[in-house]
Amino acid sequence: PLPTDYGEKLAKHLHLYAKEQQLYCFAFFLTGKTKILGKYRPVCAPLYLIPATLNYEQEVYQISLDFSEVLLNPAFSEVQPVVNINEGSSTHELLNQRMPLQPLGFDEIHQTISILEEVFPELNLNNSAEFPKIIDQELLRPKKRGNAGGFQLWPALGIGVMDKAAGSLGILNELEALSTQ
């Protein structure tokens, strides 16, 4: 369930941008700094991207998660230094093969943490076994984290709206046009 004010704003936004944007739930946030084109940039990237829908039932806004379409965020593996990986495969491929992509119960959380410890031994896991933990969103902002060394994983959930992939948007528009002919 969501607070009514937030649910109303989110429903209006999703209705207005239904063709361009999708609601997601994000799980486990990676924070730190990475070097891009010679400059250090702050990073705050979720590991899991779980498609969600907003429902309005019995005068309450609720979010439903679609675990059949769970994605691992490629940005997560791109910024993280890797130590234990087989030659010929990318970090993202390795994670896609090994990470649980179903609802995050106790076993899946433990499996996620074990795999991340193995693949990214330098990663600070910040009590990730306590997932989902209530964390002040300010902790995820670079100015509040200060200069804590290395990458850190935060056991938090969040919801947000992301743009749909441009390729899938074009395909959807073509299918819609064909269906009206």
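**Notes on the fold, the β2-β3 turn, the rings and the pockets**

1. Let me start at a turn. Glu-59 is exposed, with a relative accessible area of 65%, so it clears the 50% cut-off for that label. The residue lies in the loop between β2 and β3, and its phi is near 65°, a positive value for something other than glycine. Keep in mind throughout that this is a predicted model.

2. Gln-58 is worth a look alongside it. This residue is also found in the loop between β2 and β3, with a phi near 50°, again positive in a residue that is not glycine. Is Gln-58 buried or exposed? It is exposed, since its relative accessible area is 79% and the label needs over 50%. As background for checking both backbones, most residues other than glycine have a negative phi.

3. The strands on either side of that turn make a hairpin: β2 and β3 are separated by 2 residues. In which sense do β2 and β3 pair? They run antiparallel, and the pairing extends over 6 bridges. If you want a register check, Ala-52 stands opposite Leu-65 in β3. Ala-52 will come back below, as it is one of the residues lining the second largest pocket.

4. Stepping back to the whole chain: I count from the assignment 6 helices and 5 strands. In sequence order the pattern reads α-β-β-β-β-α-α-α-α-β-α. Of the 181 residues, 35% count as buried. Among contacts between residues at least 6 apart in sequence, 64% join residues at least 24 apart.

5. Now the rings. How many aromatic pairs are there? The count comes to 5. One of them is Phe-28 with Phe-131, whose centres are 4.3 Å apart with 20° between the planes; this pair is stacked, because the angle is under 30 degrees. The pair links distant parts of the chain, with the two positions 103 residues apart in numbering: Phe-28 sits in strand β1 (residues 21-36), and Phe-131 in the loop between α4 (106-119) and α5 (142-145). Phe-28 and Phe-131 are both buried. Tyr-48 joins them, and the three residues form one aromatic cluster.

6. Compare the geometry of Tyr-56 and Tyr-61. Their ring centres are 4.5 Å apart and the planes meet at 45°, so this pair is tilted. The reasoning is simply that 45° falls between the 30 degree limit for stacked and the 60 degree limit for edge-to-face. Tyr-61 has 13% relative accessibility and therefore counts as buried, the cut-off being 20%.

7. Back to Phe-131, for its peptide bond. Phe-131 and Pro-132 are joined by a cis peptide bond, with omega about -10°. Most peptide bonds are trans. Pro-132 is found in the loop between α4 and α5. Phe-131, in that loop, is also the ring that stacks on Phe-28, so anyone inspecting the cluster of Phe-28, Tyr-48 and Phe-131 will come across the cis bond too.

8. Gln-152 deserves a point of its own. It lies in strand β5 (residues 152-163) and is buried, at a relative accessible area of 10%. What does Gln-152 touch, leaving aside neighbours within four places in sequence? The contacts are Phe-29, Leu-30, Thr-31, Leu-123, Asn-124 and Asn-126.

9. On to the pockets. The largest pocket holds about 460 Å³ of space. Of its 18 lining residues, Ile-135, Ala-156, Leu-157, Gly-158 and Ile-159 are the closest to its centre. Which strand gives the most to this lining? That is β5, with 4 residues; β1, β3 (60-65) and β5 each supply at least two. By residue class, the lining divides into 14 nonpolar, 2 polar and 2 charged.

10. The second largest pocket has a volume of about 200 Å³. Its lining is Ala-11, Leu-14, His-15, Ala-18, Gln-21, Gln-22, Leu-23, Ala-52, Thr-53, Leu-54 and Lys-164. At least two of these residues come from each of α1 (4-16), β1 and β2 (39-57). The split here is 6 nonpolar, 4 polar and 1 charged.

How values were computed
Residues are numbered from 1 along each chain as its sequence is written. This is a predicted model: local features need pLDDT of at least 70, side-chain atom pairs count only at pLDDT 80 or more; totals for chains, interfaces and linings use all residues. Side-chain values use heavy atoms; hydrogens and water are left out. Rings of Phe, Tyr and Trp (its six-membered ring) pair if their centres lie within 6.5 Å; planes under 30 degrees apart count as stacked, over 60 as edge-to-face and the rest as tilted. Buried means under 20% relative accessible area, exposed over 50%, partly exposed in between (1.4 Å probe, protein chains only). Contact means heavy atoms within 4.5 Å. On a 1 Å grid over the protein atoms alone, a cavity is a set of points where a 1.4 Å probe fits but cannot get out, and a pocket is an open set with protein on both sides within 12 Å along at least five of seven lines; lining residues have an atom within 4 Å of a point. Grid points are joined across faces, edges and corners, and a volume is the space filled by probe spheres set on the points. Ala, Val, Leu, Ile, Met, Phe, Trp, Tyr, Cys and Pro count as nonpolar, Asp, Glu, Lys and Arg as charged, and the others, Gly among them, as polar. Two strands pair if DSSP finds at least two bridges between them.
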